[in-house]
Amino acid sequence: MPELPEVETIVRGLAPVLRGRTVTGVWTSGLGLRLARAVDVRGLRAVSVGRVIADVGRRGKYITLVTRAKGVRDAEARGVCVHLGMTGRLRVQPADAPRAPHTHVVFSLDGGDELRFVDARRFGFVAPGDPLAALAALAILGPDPLAELDADALARALATSRAPIKAFLLDQSRVAGLGNIYVCEALFGARVHPRAEARRVRGRAAELLAAVRATLEGGIARRGTTLRDYVDADGFAGDNAAALQVYGREGEPCSRCGSAIRRRVDAARSTFFCARCQKR
Ligand SMILES: [Zn+2]
C-alpha cells in the first residue's frame, strides 16, 4: 500500500503538470470504489468542472487537488481528495491514448489531456471536498511527521498511550502518513522494539522522530518503495525496496549486528525487526 513517500513522489510528479490546468469534464466507470461505495460524480463535477487546479498537495497518505474558479479565491480550499488504497494509480495521459483496464475516474483537462485514476482492486477513493477540510478522512489526521510534528509534541502524545509503539505510529490520528513498511524501518532505525508500550518510549521521542524522518526522506529520495504495484506519476517503479533494512528480509542478517531478521504477524500484518538491536 502506498505510504507517505510514495504519495509524496506522485504529488511531486503531478503538481507541475496539473497546476493551472482547467478541468473540462468528469467521467466515471460507474463502479464503486473503497469497497464498492459509489463515487459522487455530481459532487466531483461541482468542485472541478470549469475550475482551475490551483495546487496539488498531500495530507498523510491522501492527495488533494485544490481547485479555484477563475480569478476567485475561495474562503476555504475546495477540490478533490484521492486515496490510492492498495493498487490505485494517478496519471496524466493524452486523451487519445488508450485507457488502462480498471480506469474508474477520469478528469478531462484543457489542452487535450486526462487525469486518470486506475485501481484494479478498488480499495482507493476519489471524493469531492467542499470544502476539503470537511472530509472526515482528512479531518481526523494527526500531524505530518515531515512538516508538522516535533519531538516535544510526539513525547506528549506517546505519554498518553499504552498501545504498542508500532500500532501508535500506524494510527493516522497520531501521526499521518506512515504504514507498515516505513514503521518497521523507522523502529529498526531507532532501535525500538515494535511491541514496546508507547508511553515507555516517550523519553526517546527525539530519536524516534529522527528515525521516522530519515526513513521517509530516504523513501522520497528513492522515489518510493515498489514491492508489487506502486508506480510514480510517470509510471515508473520506485527504487527504495533495495534500501529496506528489515521489511521483507526475514532470515537475512541484520545490517548492524548480523543476527537474523525476524518476522512476526499481528492482526494480519507482518512485523519485521531485529531482536538483538531492538530490545524490549
Ligand atoms: Zn541487529
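**Entry 1: cysteines**

I started with Cys274, which is buried at a relative accessible area of 0%. This is a predicted model, and I read it as such throughout. Next I looked up Cys277, and at 10% relative accessibility Cys277 counts as buried too. Then I searched the whole structure for disulfides and found zero.

**Entry 2: Gln278**

I stayed in this stretch of the chain and turned to Gln278, which sits in the segment after strand S10 (269-273). Is Gln278 buried or exposed? Gln278 has 0% relative accessibility, so I noted it as buried.

I then asked which backbone atoms the side chain of Gln278 reaches. A polar atom of that side chain lies 2.9 Å from the backbone oxygen of Val192. The side chain of Gln278 also reaches the backbone nitrogen of Cys274, at 2.8 Å. That is the Cys274 I had already listed as buried.

For contacts I left aside the neighbours of Gln278 within four places in sequence. What remains is Leu187, Phe188, Arg191, Val192, His193, Pro194 and Phe273. I also checked one distance across the model: Gln278 and Phe123 are 155 residues apart in sequence and 33 Å apart in space, C-alpha to C-alpha.

**Entry 3: helix H6**

Two of the contacts of Gln278, Leu187 and Phe188, took me to helix H6 (180-190). How many residues of H6 are buried? I got 10 of the 11, so H6 is largely enclosed by the rest of the structure. The buried ones are Asn180, Ile181, Tyr182, Val183, Cys184, Glu185, Ala186, Leu187, Phe188 and Ala190. I noted that Asn180 and Glu185 are on that list, alongside residues such as Ile181 and Val183.

What do these buried residues pack against? I found helix H1 (4-18), H5, H7 and S10. After H6 comes Arg191, and its phi is positive, near 60 degrees. Arg191 is also one of the contacts of Gln278.

**Entry 4: nonpolar cores**

A reminder to myself: in soluble globular proteins, nonpolar side chains tend to be buried together. Here the largest nonpolar core has 37 residues, and Leu158, Ile165, Leu169 and Leu208 have the most contacts inside it. Helix H4 (151-159), helix H5 (165-170), H6 and H7 each supply at least two residues of this core. Which of them gives the most? H6 does, with eight residues.

I picked Ile165 for a closer look. Not counting residues up to four places away in sequence, Ile165 touches Leu158, Leu187, Val192, His193, Pro194, Ala196, Ala198, Val201 and Leu208. I then found a second, separate core of 29 residues, with Val39, Val47, Leu90 and Leu115 among them.

**Entry 5: cavity**

I searched for cavities of 30 Å³ or more, and the structure holds one. The volume of the largest cavity is about 40 Å³. Which residues line the largest cavity? I listed Val23, Ser48, Ile53, Leu65, Thr67, Val80, Phe107, Leu109 and Leu115. Strand S3 (62-69) and strand S6 (103-109) each supply at least two residues of this lining. Leu115 I had met before, in the second core.

**Entry 6: Arg116**

Next along the chain is Arg116, found in strand S7 (residues 113-119). Buried or exposed: which is Arg116? At 1% relative accessibility, Arg116 counts as buried, so I looked for polar partners. The side chains of Arg116 and Gln93 make a polar contact at 3.2 Å. The side chain of Arg116 also reaches the backbone oxygen of Ala97, at 2.9 Å.

Leaving aside neighbours within four places in sequence, the contacts of Arg116 include Arg89, Arg91 and Arg99. Leu90, which I had noted in the second core, is also in contact with Arg116. Gln93 and Ala97, the two polar partners, appear among these contacts as well.

**Entry 7: Thr226**

Last, I went to Thr226, in the loop between helix H7 (205-221) and strand S9 (262-266). With 18% relative accessibility, Thr226 counts as buried, because the cut-off is under 20%.

Where does the side chain of Thr226 find polar atoms of the backbone? A polar atom of this side chain lies 3.0 Å from the backbone oxygen of Tyr230. The side chain of Thr226 also reaches the backbone nitrogen of Gly238, at 2.7 Å. Not counting residues up to four places away in sequence, Thr226 touches Ala237, Gly238 and Ala241.

Key: Residues are numbered from 1 along each chain as its sequence is written. This is a predicted model: local features need pLDDT of at least 70, side-chain atom pairs count only at pLDDT 80 or more; totals for chains, interfaces and linings use all residues. Side-chain values use heavy atoms; hydrogens and water are left out. A disulfide is a pair of cysteine sulfur atoms within 2.5 Å. Buried means under 20% relative accessible area, exposed over 50%, partly exposed in between (1.4 Å probe, protein chains only). Helices (H or I, at least four residues) and strands (E, at least two) are DSSP runs, numbered from the N terminus. A polar contact is a pair of N or O atoms within 3.5 Å; within protein, one must be able to donate a hydrogen and the other to accept it, and residues adjacent in sequence count only if both atoms are side-chain atoms. Contact means heavy atoms within 4.5 Å. A nonpolar core is a set of buried Ala, Val, Leu, Ile, Met, Phe, Trp, Tyr and Cys residues joined through side-chain atoms within 4.5 Å. On a 1 Å grid over the protein atoms alone, a cavity is a set of points where a 1.4 Å probe fits but cannot get out, and a pocket is an open set with protein on both sides within 12 Å along at least five of seven lines; lining residues have an atom within 4 Å of a point. Grid points are joined across faces, edges and corners, and a volume is the space filled by probe spheres set on the points.
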